[in-house]
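Reader: I should be grateful for a close look at the aromatic pairs of this protein, and at the sheet and helices around them. Please give the cut-offs behind each term as you go.

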Amino acid sequence: MTTLRATARRASAVGLALTACLTATPVTTAVAAGRDSGAAATSAGLDRYRNQRLDWRSCVLGADDEQGRALEKASARCANVTVPLDYADPGGRTITVAISRMKAADTRHRIGTMLVNPGGPGGEGLGLPALLRPAMGQAGTRYDLIGMDPRFVGRSTPLDCGWPIGPPMRWTGPSRTDFDRQVAVQKDLADKCRATNAPVLPHISTRNTARDMDVIREALGERKISYLGYSYGTYLGTVYTQMFPGRYDRVVLDGALDPRRYNPRVVRGSEAANDRALADWAGWAAKRHGTYGLGRTRDQVLATVDRVVETSARRPLTVGTAPDVFRLDATVVPLVIFAGTSSDADAARAELGEHLSVLAKATDGQPTELSGEFAGLLRSQVTSQGSRSGSVQTAILCGDVPASRDPGQYWKDIERSRAAHPLFGPLTNNIVPCAFWDRPREKPTQVRHDTPALIVAATGDPRVPYSSSVSLRGLLPSARLITLKGADQHTLYATYHNACVDAKVNAYLITGKLPTEDRTCVKPDGH
């Protein structure tokens, strides 16, 4: 995660993609309250949080803290914000939320404070300001940029259910026996969280994260804050604007989720877009057969993908060399492919090419070596190193919207989707731990207040279907939509480096004026 592209894409594609995913990686009909009646009822009890003095310190925690050093180099400082675990009981247990701040470089033209979120859910945002500012051009210098590790994420008070794996999104085979094994695995994960963290699970939700954001706003002494959210971060931004109307300034929602469709199977509905993205990638890989050895035509490359998946369904594929050796079966191999389809940038496509080249060699029984990036991805998904991220990501999804508790419904959805989307349907429709979770304390958030936000989306978004951004635009009459045509890309602003998109977003951030109507940009040939 040394580049902004890697951070934004990994946060959403692996975040949203590999959870459940988007960042980068999508939902029920929306949410309950508009204004935050719960917080209003305990307003006096929240004063100590709103008026707290923040202790800004170095972001470096130790000699191996690369993120801290990057923030230090960017002249950022870090602080912990104290918030109540339960906003209905502000005098009870407290937790901390870690934030970073890069002050505006152009103090003469400072506009205000902007909080940024990379997606997830559960994406770590503390280091994002240092990566975003250089890509934001003049707009970035006029804001104090605030990064945040949301409650129970990263450096904030942690959550760890002690899972043997990371985010629990998995593929299921064609037999009901395969599916029943997945039911048992997902139930066991839910039971582990309940056994280890039952007191805090009811308080892990997007609505409580939005409340934390408002405490941060007050603690920073700001009457209003601006907001930039990617992927799931667009849902968080929508929830904040609905709970706290009048407390935000400029809002950019990039790769937007339709809040009415948000649910624990967050990327369900993206199958067709991922099929197209994989086919487009296969055409790209075919032109580089000499590098990846996957086939000389698009159809040959896709046939190789099918062969890899079919072989992994018969026997696990062994990849890597000691100490990083992994045995990957068909519950995981389609997930690796899915993780690689979130971007059509050459760097992302090259990663997927490398990953499938390794898997193809393993399919043929050949020895393989893993790049540091691929080994890290697998460790985060199939070992206990991913337990923290998987735990909190799942807890947020389960704490937001109730899931069906009927395994038979998931099986029907899988079979229905498998017919049209045999690779991605059994992944995006599979059962999740939320089927065995306690029901959320609050209803989901409904859009009841118009928000003059700028929504950004690509027509070929493989994580959150473009139609979701169009739907959110329809819910917000004062908002505007910037569309990038021709890109298979999840999240755009300051990550994809499309000059047209970046210029329009920067103009809004600098002037505060939305375009007079929706705008369209086009991906240039060769991008």
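Author: The structure holds 7 aromatic pairs; rings of Phe, Tyr and Trp (its six-membered ring) are taken to pair if their centres lie within 6.5 Å, and planes under 30 degrees apart count as stacked, over 60 as edge-to-face and the rest as tilted. One of these pairs joins Tyr232 and Tyr262, whose ring centres are 6.4 Å apart and whose planes stand at 35°, so the pair is tilted. It links distant parts of the chain, for Tyr232 belongs to helix 9 and Tyr262 to the loop between strand 6 and helix 10, 30 residues apart. Helices (H or I, at least four residues) and strands (E, at least two) are DSSP runs, numbered from the N terminus.

The model is a predicted one, in which local features need pLDDT of at least 70 and side-chain atom pairs count only at pLDDT 80 or more, while totals for chains, interfaces and linings use all residues. Residues are numbered from 1 along each chain as its sequence is written, and side-chain values use heavy atoms, with hydrogens and water left out.

Tyr232 counts as buried at 3% relative accessibility, and Tyr262 counts as buried at 0%. Here buried means under 20% relative accessible area, exposed over 50%, and partly exposed in between (1.4 Å probe, protein chains only). Ring pairs also bring in Tyr235, so that Tyr232, Tyr235 and Tyr262 are linked into a cluster.

Another tilted pair is formed by Tyr240 and Phe244, with ring centres 5.2 Å apart and planes at 35°. Tyr240 is buried at 3% relative accessibility, and Phe244 is buried at 6%.

The sheet comes next. It is an open sheet of 9 strands in the order 1-2-4-3-5-6-9-10-11, with mixed pairing; two strands pair if DSSP finds at least two bridges between them. Strand 1 (77–84) and strand 11 (519–522) stand at the edges with a single partner strand each, so one side of each has no neighbour in the sheet. From one strand to the next the twist averages 20°.

Within this sheet, strand 3 (residues 112–117) and strand 5 (residues 225–230) pair in the parallel sense over 4 bridges, and Asn117 stands opposite Gly229 in strand 5. Helix 9 (residues 232–243) packs on the sheet, touching strand 3, strand 5 and strand 6 (248–254), and its direction makes about 150° with that of strand 5. Contact means heavy atoms within 4.5 Å; axes are lines fitted to C-alpha atoms, for helices over the stretch in contact, and angles run from 0 to 180 degrees between N-to-C directions. Helix 8 (residues 206–219) lies across strand 1, strand 2 (94–102), strand 3, strand 4 (143–149) and strand 5, and runs at about 120° to strand 1.

The loop between strand 4 and helix 7 contains Arg155. This residue is partly exposed, with a relative accessible area of 24%. Leaving aside neighbours within four places in sequence, the contacts of Arg155 include Cys59, Asp65, Ala98 and Asp149. The backbone oxygen of Cys59 lies 2.6 Å from a polar atom of the Arg155 side chain.

Technical notes:
Polar contact = N/O pair within 3.5 Å; in protein donor to acceptor, adjacent residues only side chain to side chain.
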